[in-house]
Each structure stands twice: as C-alpha cells, then as structure tokens.
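Colleague: I am new to this structure and would like to go through it with you step by step. Could we take the chains and their contacts in turn?

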Amino acid sequence: MEEKQTEYSIFEVFIQRTQAEHHVHVGSLVAPSPDVAIQTARENFLRREKAVNIWVVPRDQITATPYEPDFFTREMDRKYREVAGYTENGRLWRMFKEKAITLEEIVAYVEGRKARERKKQA
Amino acid sequence: MTEDVRYARFMERIERGEKIEATDWMPDEYRHLLIKLIHMHAVSEIMGAYPEKEWVPKAPTLRRKLAIMAKVQDEMGHGQLLLRVAEDLAAPLGKTREDLVEDVYKSRVKFHNVFHMEAKTWADAGVIGWLVDGAAIINQAALLETSYAPYARVLKRICAEESFHMQHGENIILALAMGTEEQKQMLQDALNYWWESLLFFFGPKEVTPAAERMLHYRIRTKTNEELRQKFLDKYVPRIWSIGLTIPDPHLRYDEEKKEWVYTEPDWEKFGRIVRYNEGPKSKERMELRRTAHEGQRWVREAMIRSRMATAAV
Amino acid sequence: MKFENAAQAKQNERVLTILKDLLFQLADDELTLGHRDSEWLGLCPDIEGDVAFSSIAQDEVGHAVFFFDLLHELGEEDPDSLAFNRSSKARRNGVLLERGNGDWAYSVARHYFYDLFEDLRLQAIADSSYLPLAHGAAKIRREEVYHLMHMHLWFTRLGKAGGEAKERLEKAVQSIWPELGGLLSFGLHEQELLKHGIISFDTHELRRRWTSRMKAAFSEAGLMWPGEIPEPRMDGRKGEHSEELDELLSTMTEVYRMDPAANW
C-alpha cells in the first residue's frame, strides 16, 4: 500500500534521571527509526528535566500483563515476610533490657560514621 | 460474556472511580467520545501554536524571543503527547498519526474557537498567553480527574508545563500594563478583541447530550458553566486590578446567587467559526498545516526509506 | 598575553576592536540562524521533529545572547539594542545564514554545514587569550554536540534515501556552496586575531578541517563533493548583505521599533 510507506513506528520512551535510579517510562512517540527516536525523545520529554540515559523501545517489542487485578492479587496473609509482621521484637528485646533496632537506623549509623571519617581525614 | 454484562462491569469500574487503560475493553461510545475530545484537544494545541508563532519572529527583546519560542514549542509538545493518546484509541479503527493530522486540513476535526482568531499585535500574543492559556488551564485542570488513565497521565505533564506558560503570559501583560499609554491601549484593544472568544471557549451554558454522556462516563466531571464561572472568579479581579476595562457593561458578581452574570457571547457566530472553519484565520492556518504535512510527505517517506537502507547494511 | 576580563581587553584599543569584530560575527551568526530556525516552528515535517528543532533554535538564540553580553561588557550597548537596533551594514553574520529557509533539505544542509563550522570555530577559540570567550566556548560547544549529531543524521539520511530527497539535497548543496566561503571565515582581522591569541588557527586551517570531516559525511550520504569552496561575492563579515537580511530585520524589529525605549 502506497500510503503505508509514510507511517512512522511507535517507540516507548524510558528516561533514567540519575544513575542511582532505574529507567522510568515517560510516554511514547512516533519516529522513522530508533536513532531519530532517541534524538526527538530528548526534546519531547526532557526539555526541562535532567537525565543521564534514554531508552527507546519499539512498542511491538514490549510484552505486558493485562490490566487484570487477578494477576496481581495476593489475598492470603504475607505478614511473615514484612517488617510489620515482627512488631513483637520490640517487646522481646525489652525483656533483655535492649531496644529494637531497624535497618534504617543501621544505614543511618553506617553513613554517619563514614561522614565523620571523611571529616577526620580532611 | 454478553455485551450487556461487559457494559455493566465497565460502568461499575467507572462508578468505583477506577481508571480505564487503552488495552481495556471499553464501550464504542466511550472510545468515540474520547477520540473526539482528545483529538480536538491535540489539534487545538497544534493549531494554537500558530497565532503565537506569528509573533515569535517579532518578539521585542531577546528574552521574550526565547520565551515565546519555548512556549510555542511546549504547545507542539503537548500536541504530540495528546496525539499519541488519540492514536492509541483510534488504532483499532485503523487510524494513525498520518490520518489524525490529515483530519485537520480536511475539516474532519474541530479546534477551539480562539485559535481561529487573529493575533494582530504583540498584546494579542500576550493576552493569548495570559487569558487563553488561563482558560485552557482551567479546562485541563478539571480533566485531571478523567476516567481515562492515559489522558490523565499526559494531562499531568501538560499542566506542569502550563505553569510556565501562565507566568510567561502574565509577565508580558504586566510589562504592557505598566508601560506607555500606547502599550496600555494595545493591551485594552487586545482584551476587547478576545473577551467574547474567551467566554465562548468553555462551550454552551446548557449541558448538551454529548456533554451529558461525557459526564456519565466521568471523562469529565464538571460542566462548561462551572468552569466558565471558575475562570471569571480567578481572572476578572486580576483584569480589573491592572486597570483594564472588560468589554461587558453587564458583567457583575451576583452575591446572592454566588455567580458571575455576564453578557453571553454570540453562540451562533462562534459556533459557525468552529464548525465550518469560518474564523478570520481558519483557512490560512489549516493551509499551513497542510503544507507542513502534505508538502513534506517526501521527508517522512525518505526517512523511512533510509532506515530500511541503513538496516540492510 | 592573556586578557582575563573586559577591563584588561579594553586597555588595548586594537585588541578591543578586533575582539569585538569577532564577537559580532559569533553573535550575529547565532541570532540570524536561530531566527530562521524559529520560522520552522509548527511547520516541520513531523510533530516530534518540530519540538526537537525548536530546541536547536532556542540554543542558537541563547548563544547569541551570551556573545552580546560579552560585547556589552566590552562597552557596547545592551544586548537587546545590539540585537534589535543595528542596521544590516553593521551585521557580521555570513550571508548564507540570512537566506530564507527554503525547503527542509536546504535548511538541514545549511544547518549541518553551519554546525560543523561552529564546532571548529569554537575549537579555535577554546584556548582564546580572551578568557571570558574561552570559557563560554567550552560551554557552548557542549550544547552544540547535540546539534551536530542531529543534523548529521538528517543530512546523511536524506541523502541515503535517494529519490526526491536526494535530489532536493543536491539542489540545496548547489545553492549553498557559492555562499559557504562567506561563512567559513574569521573576517577581516584574522591575522591579528591569531597574533593576539584570540583564535588559535586561521580560515585556511578551519576550512581544511571542515572539508575533511564534511567529505566523510558526503560520502556517507552518497553525495558528490562539489569541489573547492569559492570566495563569496558578498561578504557578510564585511557588512555586505542581501535584501533578505533587511526583510528579516524589519520583521524581527517590528514591535521593538514601535518604541525602543519602552519596557516590553
């Protein structure tokens, strides 16, 4: 078909804002080829924001779940794998005259100590 | 599943406040209403670039030149985002980008009345940025709650960028309002020219059957008149505060009814402008789109051909 | 000898003159092309490309602002007056850049030729003895990377496509070529600019580098090399311009001229 020759392809666009983050889907565009898509993606999606990387993926290369709630359902109790399932630890530690401790506290402590060490070196 | 059951389930989702996705089953009516609305929205962004584009080469300072370029660019960008949403909805009907753009100059899609009008002076460019965009922002903000998720997502991005447009328009207006007598007069003339178009922009007062169906599907959740009132709430005091006169002797706020009373725009005249593209600039701007699209089909075809050539290497 | 700031450059009258002449070339090139680019708004072959091209237009005008700022620091009028209130005779842009946009092939070819030239010119001033210029050049050159990449892609793809696109591109190259020499130059004071270390290589070297890189692109695009770059009949670097610049300026300054003293 003559007319179909003018049809661009659809590309999904993923932006990685910093290297500490994964790519995030921001939308789609049409382009004649992936290299053009990469270039237009920068201006169509990053006119104001900063980024370190862009992916463009031909739409037909994406396999997706349907929007079916059943696929994502977890009905039964899964507290055993969550922090909220272990609230009793606090009470148990108190029996040993110790406080409960969270992962966040440890991370903060580790990072804090590092910061102090850097200060000492400087 | 019979059609009735499907429909009933769909409406249950809508009423629960769930969002619909492009790949979900949806009633034909819902799809068609969305295509009509979003296609018109997309095309209005693209056609809306033209009145301001005319002032891009004439912007009177370097800063204004850069800002109005960025603003018109954003509008094309919004057109792009919205076209993609409309294209995905229209894909099952065999329609693509090429078709949706062609529809503009083949009069198969309407665009907002304001973009059929002339922008004769720099102040017109300012009023478009301030009040036309202001009206559009109110419209779009109300659509953020739409039941169609892909539309809601792009609207979020669009509204974020409109906040720059708002500041840009206000800045031009404030400079003129604080300027020479000639600049002030230019601004007043522009307001006189745009006022009626602005009131018409929100659509008829009564809830039309099509609007009723959109409310039914929660594609939109507010009526035209509610939005027009919100626009008047926000903008009339500001227009007055910078010393401008609104060209409507009957305009007043009715304290009892808690609503604005205004002279209605010429529904018939503007209706014809939108329906039959009879505005002062309709034909010229549609021609620009035709030239851009049809006149440069050779470019798009070439880019596809050379992709093939490159891929083959 | 290095000139760390405007005050130091101002102490040497000759340096000041030739430096300003070069800055006008830079500023006027960027403004003129940025203005022409902005005329494509809403008219590009596809919507996505329209958005991308507008960013390039904005970058060019933004670069012009930077160079006008430098001129202002050196004692010239404020940037808006420099942009809006100078006659065409005072303008130092290459004539090629003031020409109407023509078709997409002409715009792409002209832009690509300019971007490669701009990249080399920025190289020539990267170690400029005028430090504010050297610092700016480094920043601008980073922004120009995208332009060069974008225009290279468009230029080579239109050529590779063959058919109408290639024919149009060949025609564009033909009409650009006679005016190319007026762009690829440092103007009247090149030897002095070199002597004072404001630029690090001359037009001859610039054209050699330009030609060697451009030849590769021509061969990738499947185009014939048009030959030597001829000297221009009209030299924008000397203030010689076409009527198209007068038309451009009359449009650009239409609102400004209503009241140059007003705040817009």
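Modeller: Contact here means that heavy atoms lie within 4.5 Å of each other. Please keep in mind throughout that this is a predicted model.

Colleague: With that meaning of contact, what share of the contacts in chain A between residues at least 6 apart in sequence join residues at least 24 apart?

Modeller: Chain A has 122 residues, of which 25% are buried, and its secondary structure consists of 4 helices and 3 strands. When contacts between residues at least 6 apart in sequence are taken, the share that joins residues at least 24 apart is 43%.

Colleague: In which order do the elements of chain A follow one another from the N terminus?

Modeller: The elements to be placed in order are the 4 helices and 3 strands of chain A. Read from the N terminus, the order is β-β-α-β-α-α-α.

Colleague: Turning to the contact between chain C and chain A, which residues form the salt bridge there?

Modeller: Chain C brings 11 residues to this contact and chain A brings 12 residues, and the area buried between the two chains is about 1100 Å², with 54% coming from carbon and sulfur atoms. The rule finds 1 salt bridge across this interface. Its closest N and O atoms are 2.4 Å apart, and the partners are C:Arg157 and A:Asp35.

Colleague: Which elements of chain C give two or more residues to the side that touches chain A?

Modeller: Between chain C and chain A there are 8 residue pairs in polar contact, both residues being at pLDDT 80 or more. On the side of chain C that touches chain A, the elements giving two or more residues are helix H3 (47-73) and helix H7 (131-160) of chain C.

Colleague: How do the residues on that side of chain C divide into nonpolar, polar and charged?

Modeller: The side in question is the one that touches chain A, to which chain C contributes 11 residues. By class these residues divide into 5 nonpolar, 3 polar and 3 charged.

Colleague: For the contact between chain C and chain B, which three residues supply more of the area that chain C buries than any other three?

Modeller: This contact takes 51 residues from chain C and 42 residues from chain B, and the two chains bury about 4100 Å² between them, 67% of it on carbon and sulfur atoms. Of the area that chain C buries against chain B, 19% is supplied by C:Leu41, C:Ile47 and C:Trp264.

Colleague: Which element gives the most to the side of chain C that touches chain B?

Modeller: Chain C and chain B have 2 salt bridges between them, including one in which the side chains of C:Glu48 and B:Arg97 meet at 2.8 Å, N to O. The interface also has 19 residue pairs in polar contact, both residues being at pLDDT 80 or more. Several elements of chain C give two or more residues to this side, among them helix H2 (13-38) and helix H6 (104-125). The element that gives the most, with 12 residues, is H3(C).

Colleague: Where is the side chain of opposite charge nearest to B:Lys53, and which residue is it?

Modeller: B:Lys53 belongs to helix H2 (residues 28-53) of chain B, and its contacts include B:Val72, C:Trp40 and C:Leu43. One polar atom of the B:Lys53 side chain lies 2.7 Å from the backbone oxygen of C:Glu39. B:Lys53 is buried yet has no salt bridge, since a salt bridge needs the two side-chain atoms within 4 Å. The nearest side chain of opposite charge is 7.3 Å away and belongs to C:Glu39.

Definitions and conventions: Residues are numbered from 1 along each chain as its sequence is written. Chains are lettered from A and ligands numbered from 1 in the order in which they are written. This is a predicted model: local features need pLDDT of at least 70, side-chain atom pairs count only at pLDDT 80 or more; totals for chains, interfaces and linings use all residues. Side-chain values use heavy atoms; hydrogens and water are left out. Buried area is the accessible area (1.4 Å probe) that two parts lose on being put together, summed over both. A polar contact is a pair of N or O atoms within 3.5 Å; within protein, one must be able to donate a hydrogen and the other to accept it, and residues adjacent in sequence count only if both atoms are side-chain atoms. Ala, Val, Leu, Ile, Met, Phe, Trp, Tyr, Cys and Pro count as nonpolar, Asp, Glu, Lys and Arg as charged, and the others, Gly among them, as polar. Buried means under 20% relative accessible area, exposed over 50%, partly exposed in between (1.4 Å probe, protein chains only). Lys and Arg count as positive and Asp and Glu as negative; His and the chain ends are not counted. Lists of a residue's contacts leave out its neighbours within four places in sequence.
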